[in-house]
Every structure is written in structure tokens, then in C-alpha cells.
Amino acid sequence: MENCLELQGFCFTYPNQTAPALRGVNLAVPPGAFVVLCGASGCGKTTLLRHLKPALAPHGSQSGMIFFGGRPLGECSARDAASKIGFVQQNPENQIVTDKVWHELAFGLESLGLDTPTIRLRVAEMASFFGIQAWFHRSVSELSGGQKQLLALACVMAMQPALLILDEPTSQLDPIAAGEFLAALAKINRELGTTVLLSEHRLEEAFPLCSHAVVMDAGRVIAEGATQQVGQALLGARHGMFGAMPTPMRIWAAVETPLPCPVTVRDGRAWLSQCTIVNAQAVIQEEKANQSTPAIALENVWFRYEKEAPDVVKGLSFQAHHGEITAILGGNGTGKTTVLSLIAGLQKAQRGKVNTQGRVAVLPQDPQSLFVGNTVEEDLLEMLTGKHLSKDEKHVRIQKMARLCRLGGLLQRHPYDLSGGEQQRAALAKVLLTEPGILLLDEPTKGFDAAFKHIFAGILHQLTAAGAAVVMVSHDIEFCAEYADRCALFFDGGIVTQGTPRSFFAGNSFYTSAANRMARHMLPAAVTAADVIHALGGDPQPPPVDPQDAEDTEDTKEAQAPPPSAHADTQPKSKQKKKPSRRSIATAATILLAMPLTIFAGIFFLGDRKYVFIALLLLLEAMLPFALLFEKRKPQARELVILAVLTALAVAGRTAFFMLPQFKPVVALVIIAGVAFGGESGFLVGALTGLVSNLFFGQGPWTPWQMFAFGSIGFLAGVLFKKGRLPRGRILLCAFGGLATFLIYGGLLNSSQVWMYQAQPTPMMFIAASVQGLPFDLIHALGTVVFLAVLAQPMLQKLNRIKVKYGLTEPSDAQAPPPAQPNSPGEPVQGAARAPAAPAKGIPPAPPPFPSA
């Protein structure tokens, strides 16, 4: 039987990075398998998963092969890749595109071109299968986070994929919603036979559902097979990922017992019933109330977002003290984040009082909202701006914070290029540099691996030891049970119960820890794995040392080397002399010969009345050189979208400034397009902008002239920049923009007045037209200079980053690095073993890993 999915020695390196993200990955997934992919933050899980979906595959250098259904993935048609490989992202907001639930269910099917009866059948089937009927006609904006994620899953399943890929889909869900979502996955795998590949940090819930587990570290697969086999490999190697294994497995590993290893809570209860409780009093600790002055005090607070909307916060009274970690738990959409915004002063309560004592810092749920720099180091430096520190002192602080938050090899990376967990660590470092007295955290452990959670808890305890107050909104029950000082449950606009972790979690059915569910029949007060281990006479060891924590590893040194600057990627070396390409010759011929002849043919042979026809001819001529970019490959949608967006911005800019004659940003945006993506792209953006914008300003004989003028400026900017004669400096770009607008656009449009309206042009007519248009040309040139001064640097910076990251327009000529050696079965990688020789500690011999093809 052919494998559903197979990777053979697959390696991948991102642009401008020397350390590979994936190193010789070998993996075979049989049809119908349920595979859980896990690993530390930044180990390459998301990179691997995105390569399995061609539309989402990142740009970079790669080697090795990926097979889907027995044939190379690259040979799959776009239709098969879209329908047969489903992908559910971490954030459903990035995947939902329509306004209504039933619209969203039908969107993918409509894109595949299915007939209406088939679409109606599949939509009805998926709505019934996932229990969506009750909110089938609702607006997507009204759904909770769990409902949105379930909708994203239903939309993918409506296309009947053979392979379903999910990238940490439960990271933003509360425990109940996460359990329901994972149960739906198990139902899909069990009843439909769909192959499931799930990347997940919540292994407590995911491991009991899977048939196989795969562990990655530093871009390699270090362990694979049944869950017990994987746990055995990680335990034997004392790898940091063992700290993420399910609670029953970790408790078993810390206790001397001949019994086999449990994986699920049910197995753990049965195993614990056969064990002897040595010290039941170990889990009973005296709890003392904090008598200090509250750092945060909310008294009878009410809040709603709109006047006619329902109240989100209803008469909330709440206190948090200095020196304590307070965790607020609750379902998605209950108002927990709103409470944090009220404490931080980002929202103002309609009624009640909010008092805080100390400097407040906030780590939001979306860490990207904090990033403003081009590198992590720039973002951290921003937090030290205004402080009376020398350059060396700032450097020392940043290095200290980078070590604390494990950012040593990431300081020169763009924040958006980091994994979800790495972005969370970078945002945490930025917030901690403010030295807050009150720290507000919204889902702070999202994306953290087990090893860094332990480090993060140490950071929080250092802050509380110094007198800070920490308030944390979280769905991570295990973390809250182990490290929080007080826990509170938020429901229906207020806090319904609060207390110490032991009193809060003991006895709950859903909002409680796995250790409590496992041991409550024998140890009702136990809420952490350490509680159970102490009661059994075991010794809870600290999490094993994670290889990524070791300083100055080979990968870290490699990653610390600054990547090539994104600002100087396209300036050619002056000594290199290349013959003009076919594309350059074609473009020059089009601009110098074909377009002028087309315009004059329209004037002299068509009576200047067929200007729409002439404009369309010019547009086709403008597209010809750009089409030559893809003469040897198929363009991807994202390569065309960026130019469409630039054109739309230019059209919108011309429309937005309609009340200011000639003071428009069009030429500035066309120059930016040419500099960023080349002369052909600049020419196309300029010509298309002239045509489309005149749908609003009025078409006429002048349209072809405007198209030609805008396009010529964009092409000239691209050519001069490529030849190194137009640097990216603001002053020179502004000077070029002003001169090009005045001489090229002004000269052509002034001349067009004579050619369009005079039967027998004379030199004096051209001079008179130029003098008459002089004030308008000066205003137009001034507007271009102003817009270039404001927009050029930030837009070129962003566009160049997009170009490098996604390989847009120009084919990448970067050479692939030598492929990393694939790790063979049984070969230890960074302290972990893929297939230990013999079982240990009562684990039965595990089944073999995935069959190799």
C-alpha cells in the first residue's frame, strides 16, 4: 500500500539564513493514520507542515523529495493540492474570508467550480456532521473562538481531503473548546478514514487520540512511533521534550514501579490504583491569605463596547496583590481580555472604579502587535529609548534579556520571521525591559514548549519576589495549577470563584489539571504531577536540560551571524557587465517604438476617437515584458497580488486627493514599484494605474498618454536602480521623482494637448502648451517629492522584505546549501534516540515506526 505522505531527506533553508530550518527529514505516513507532531518552539514544525501544502510553502532553498499519494507533490495539479490536502491554521481569523457561516462553508467548493446541487449537499452534510445547524445562518463575527476554529475545520472537510494538516489549532481555545475540537478530529479520522497530521503542544489531550507520534528538534526528526515508544526514547536521552509528555507518563517515570507506562488519564487512574500511597499528607499545605495592599483593585466595574450592546463586564470586583501571580481562567469570549484592557487603561469603565499601584505593562494575546522594528534587536532597543543609558549599557541589558528569554540566535531576525513561540518570547523580552510593577499577560504560554514554560515561571517568580504583581489570563490549566498563587474563574461578566490553585482546581470536572483527574479518587487535593509523585514517595526531577538552552552551540553561533541586509539586496556590482536580457530589449522596444507608434496611429489614422481601444492596446503592450518574467515558469498568485495591491494603492491615492489638482501620490508609488520589483513591474503598475484611475476621473484621448507617461517613469526608475545609478537614499529618490514628474510626465502630457487638439502642430504651440502647464507641472513634481519623502523608505523596506521572503517576481538565484545528512533509524540526534534497542521500565516492546517506502 502506498503511503499517503512521504518525505525523503528533505532539507530547507530560509532566504538570508545560513542555518537550515529542516535537516534531512525522513518520514512516511500511511493512509488513515493520526499523527501528532510535537517539538520545542522553533524546531521546524510549522515550516514542515507548510511545505506539505503547496500554496503555503515558504520560499527558500530546498532539497530532497516530498511524495503525496505515491507521486511527487510538485506534480500535483493546483486543483488536487487545494482539495486533497486540507490545512487548518493556528488562527481561524487568517483562514475565514466571508461574512456568514454558510457562505464560508460554500466558499471553497465554489472556488473548485462544483455545481450547485453538489455544493448544497456537501454544505448540509458538513453542517450536520459538525453540529453547525444552530449557528448556520449567523455572522462569522458573532462566533466564539472555538466555533470559528470548528468552522475552519468544516470548510476544509467539505472539500473531502485525503490528508488533513493542522498547525496548533487549539492554542487559542479554552480547555472545553479544545477538547471538543480534538474530539471532532478523532471522529473525522475514525469515521471518515482521513489521514490527520496534527502539530500540537497540548499533548495531554492529543496523545490519547493518535496512532503515531513524531518529535522534532532543530529541524530533525529525533523520535517517531507509538506514544510509549516516543516517551521511552525521550526519557532515556533525558531530552527536554519529555517535560511535555502527558502527566501520567511523567508521574510514572518519577516513581519506581514494574507496571507498564500509562499514557491517558484513564490508564493513569488504573495504574495509580495499583500503587501504594506513601505520604498522603505531602499534598496538604497550609495556605495563607495575602494581607498586603492590593496592586490592582476593581470595584463594581461595568463595561460594554457599544451603547446598545450587552454588558461584557458586569459589576466586577477583583483584587490582585504585590508579590503574587494571579491567573484568570474562563471560556473564549467571556471578557477576560476586556478585564486586562480595563486594568491597563486601554478601555474606560462605564461604572465602577479601577485603581492600580505601579507601572503597568501588557503582553497582548497577539505578540505581533508589539513589533515595530526590522530585527528583534531593534525592537528591544526601542524599549530603552529615552532612558539615560549609554550604548554599552543598552547592549548589556539587551544581551541579558536575550539570554533570559532564549533569544540569543534570533536578535538579527525579523520578528515576523520567527515561529509563534519565538515571537511570544521576543514580545515578553520587550515587555520585561520596561521593568513593570504590574505585569498583565494575555495567553502568555501560547506556543511555549515545556522547557521554556519552566524558565518563564522562574522569570515571573523573580518579578513577584521583587514586589511586582502579575495578572495572567490563560487557558493553560497545567501551568496555572503549578505556578500561580491565586486562580479565578471568569464567567458571565464576573468572577464566580477564586482561591489558591489547590482549593480552586480540586474537585472540578473540566477546569482542573490532568493530575487531579487522575488522582482524585485517592488524592483529592493533588493538583500537580509533583503532588502525586510526592505522595507515591517519588522524586520529581526538574525538567531535563534542553539542548537548545546550551550556550554557543553550533546552530546558535551560525544563527547569530547577521543575515545579509534587506536594504542592499539589489544593487549590482559596478564591475559586472551583463548583456541586456531579452526581457530588457523587449521592454525598451515597447516603450521607445511600439507605444509611441500606437499613440500616433490612434491620432492620425483613427481620428483620436478610439482612445479606449488605444488604451487597451497600450495595456497589452505593457504586460508583454512583464509576461516574459514567467517564460520558463508558472507565476504564483502571490507574485501578481503584490503588483495588483500597488496599483490599487496608486488608484486610491489619486482618488483620495482629487480635491488637490495635480498633488497626487501616483508617480511616487509607481517609482517605488519600479525600484522594488524592476522596470517591467514599474511600467505595468504605472500603465494600469492610468487606465483604472480614469474610470473615476473620466476616460478620454488623454488616457493613453497618461498610461505611457506613468509607465515610462516606473520603467526608468527600475532600470536606473538596477544599474546602480539611482540609490535608495531619500534625497536622491525625491530629486529623481521631482525631475521625472516635471520632465517626463509634464512634457508628454503638455505635448499631448497639441497633438490631440491641433490639426497642424507648430513649435510655438508646444512651447505655449508647456508654459501653460508649468504651474501644474511644478505642483505635480512637488507632490511627488513630498510623497516620496514620506513613503519611499518605509514602503521599500517592507516591499523588499516581502520580495526576499517570498521570492517575488525575480527568480531566486540563491544556491541551495549542502543537504544535511538524514538521520538514520537508531541514530541519536542531540541526545535523543529514534529507536532504542530494548524496552525499559516495563514498557512493552513498541510497534515499529512508520514503514519506509
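In the predicted model, Arg71 and Asp80 form a salt bridge, with 3.1 Å between the closest N and O atoms. Neither partner is classed as buried: Arg71 is partly exposed at a relative accessible area of 35%, and Asp80 is likewise partly exposed at 26%. Side chains of opposite charge can pair when their charged atoms come close. The count of salt bridges comes to 12.

A second pair is formed by Arg190 and Glu191, whose side chains meet in a salt bridge with an N to O distance of 3.8 Å. Arg190 counts as exposed, its relative accessibility being 58%. Glu191 is partly exposed, with a relative accessible area of 47%.

The side chains of Arg250 and Glu204 also meet in a salt bridge, at 3.8 Å from N to O. This pair links distant parts of the chain, 46 residues apart: Arg250 belongs to helix H9 (residues 247-253), and Glu204 to helix H7 (residues 203-206). Arg250 is partly exposed, with a relative accessible area of 24%. Glu204 has a relative accessible area of 17% and is therefore buried, the limit being under 20%. Elsewhere, Asp379, Glu382 and Lys430 are joined into one network by salt bridges that share partners.

Turning to the strands, an open sheet of 3 strands is found with antiparallel pairing and the order S12-S11-S14. Its edges are formed by strand S12 (313-321) and strand S14 (351-356), each of which pairs on one side only. From one strand to the next, the twist averages 10°. Strand S11 (residues 294-303) runs antiparallel to S14 and is joined to S14 by 5 bridges. Across this pairing, Trp302 stands opposite Arg351 in S14. Helix H11 (residues 336-344) lies across S11, S12 and S14. The direction of H11 is at about 115° to S11.

Helix H13 (residues 391-404) was examined in further detail. H13 comprises 14 residues and spans 20 Å from its first C-alpha to its last, close to the 20 Å expected at 1.5 Å a residue. Ile398, Met401 and Ala402 are buried in H13. These three residues lie on the same side of H13, because they cover an arc of only 105° around the axis. An α-helix has 3.6 residues a turn, so residues three or four places apart point the same way. The other side of H13 carries exposed residues, namely Asp392, Val396, Lys400 and Arg403.

The buried residues of H13 pack against two helices, helix H12 (376-382) and helix H14 (420-432). After H13 comes Arg406, which has a positive phi, near 60°.

Methods
Residues numbered from 1 in each chain as written. Predicted model: local features only at pLDDT ≥ 70, side-chain atom pairs only at ≥ 80, totals over all residues. Heavy atoms only, no water. Salt bridge = Lys/Arg side-chain N within 4 Å of Asp/Glu carboxyl O. Buried < 20%, exposed > 50% of the residue type's maximum accessible area, 1.4 Å probe, protein only. Helix = DSSP H or I, 4+ residues; strand = E, 2+ residues; numbered from the N terminus. Pairing = 2+ DSSP bridges. Axes fitted to C-alpha atoms, helices over the stretch in contact; angles between N-to-C directions. Contact = heavy atoms within 4.5 Å. Expected span 1.5 Å × (residues − 1). Arc of directions from axis to C-beta.
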